[in-house]
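Let's take a walk through a protein model together. Keep the sequence and the 3D view at hand as you read.

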Amino acid sequence: MKTVSSMIEKMIYFYNGSTHDINHFLKVYTYAKTIGEAEGLNEKEQFILESAAVVHDIACPLCREKYGNTNGKYQEIEGIPLTEEFIKEFEIEKDIKERIIYLVSHHHTIEDIEGMDYQILIESDYIVNADESGYSKENIKNMMDNVFKTETGIRLLKSIYKI
C-alpha cells in the first residue's frame with residue numbers, strides 16, 4: 001500500500017541517520033507483515049498492523065534525550081502525541097488512526113492484549129528485541145509459552161532461536 005511505503009520513507013528521515021532505529025523498525029515491520037499475512041488478517045487489520053509497526057518506536061529518540069533511556073513505558077506515553085503528529089498528513093480514516101496510536105501506546109504492554117494486530121505487533125517486536133538484546137533461551141521460551149498466540153509467530157520464534 002502506498003501509504004505504508006510513504007510512512008516507511010518518512011520514518012527513515014525521522015530517525016535522521018540512526019541506523020539502529022531504522023533497522024529495528026524495518027525488521028519489526030517485516031515480521032509484522034509476514035505474520036499478519038500468514039495469519040490471514042483482513043486488509044484493514046493488515047494496514048493498521050503494518051502502519052503501527054513502522055511507527056511503534058517513534059518516541060525512542062525523544063526518550064533517550066528526555067529520560068536517558070528508551071524504557072517501554074516512556075515510549076508508550078511519549079509515543080501518543082508523536083504518532084498523532086506523524087500520521088496526520090496521511091489520508092487515513094479516524095478509527096484507523098486511533099487504532100494505530102493505541103497500538104503504539106501499548107506495544108510494551110503484554111497484559112490484556114486485544115486484537116490480532118496488537119498480538120502480532122507484540123510478537124514481532126519481541127522477535128527483534130530478543131536478538132538485539134540477547135535474551136536468554138529461558139526468557140524466549142517463557143515468552144513463547146505465555147504471550148505468543150499466533151501459529152506463525154511461534155513457528156518463527158522456534159526456528160530463529162532453536163527452542
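**A pocket, some rings and two unusual turns**

The lining of the largest pocket is a mix: 8 of its residues are nonpolar, 8 are polar and 5 are charged. Keep in mind that you are looking at a predicted model. Rolling a probe the size of a water molecule over the atoms is a way to show where empty space is left. In the largest pocket, that space comes to about 350 Å³. Of the 21 residues in its lining, Q75, H108, D125, N129 and Y135 lie nearest the centre, which makes them handy ones to click on. Which helices each supply at least two residues of the lining? They are α2 (19-38), α4 (60-67) and α7 (116-132). Helix α7 gives the largest share, 5 residues.

Now turn to the aromatic rings. A pair of aromatic rings is described by two things, the distance of the centres and the angle of the planes. There are 8 aromatic pairs in this structure. Take F14 and F86: their ring centres are 6.4 Å apart and their planes stand at 85°, and because an angle over 60 degrees counts as edge-to-face, that is what we call this pair. F14 belongs to helix α1 (residues 2-14) and F86 to helix α5 (residues 72-87), so the pair ties together parts that are 72 residues apart in sequence. The two partners sit in different surroundings: F14 is partly exposed, with a relative accessible area of 33%, whereas F86 is buried, at 4%.

For contrast, look at Y67 and Y74. This aromatic pair is stacked, with 3.8 Å from centre to centre and 10° between the planes. Y67 is partly exposed at 30% relative accessibility, and Y74 is partly exposed at 31%.

Back at F86, there is still something to find. F86 and F14 join Y15, F25 and F90 in one aromatic cluster. In addition, K10 lies over the face of F86, at 4.5 Å from the ring centre.

Finally, let's follow the backbone. Most residues other than glycine have a negative phi. Where is D112, which has a positive phi of about 55° although it is not a glycine? D112 is found in the loop between α6 (94-104) and α7. With a relative accessible area of 65%, D112 is exposed. K162 is another non-glycine residue with a positive phi, near 50°. You will find K162 in the segment after α9 (151-161), and K162 is exposed, with a relative accessible area of 65%.

Methods:
Residues are numbered from 1 along each chain as its sequence is written. This is a predicted model: local features need pLDDT of at least 70, side-chain atom pairs count only at pLDDT 80 or more; totals for chains, interfaces and linings use all residues. Side-chain values use heavy atoms; hydrogens and water are left out. Rings of Phe, Tyr and Trp (its six-membered ring) pair if their centres lie within 6.5 Å; planes under 30 degrees apart count as stacked, over 60 as edge-to-face and the rest as tilted. Helices (H or I, at least four residues) and strands (E, at least two) are DSSP runs, numbered from the N terminus. Buried means under 20% relative accessible area, exposed over 50%, partly exposed in between (1.4 Å probe, protein chains only). A charge sits over a ring if NZ of Lys or CZ of Arg is within 6 Å of the ring centre and within 35 degrees of the ring normal. On a 1 Å grid over the protein atoms alone, a cavity is a set of points where a 1.4 Å probe fits but cannot get out, and a pocket is an open set with protein on both sides within 12 Å along at least five of seven lines; lining residues have an atom within 4 Å of a point. Grid points are joined across faces, edges and corners, and a volume is the space filled by probe spheres set on the points. Ala, Val, Leu, Ile, Met, Phe, Trp, Tyr, Cys and Pro count as nonpolar, Asp, Glu, Lys and Arg as charged, and the others, Gly among them, as polar.
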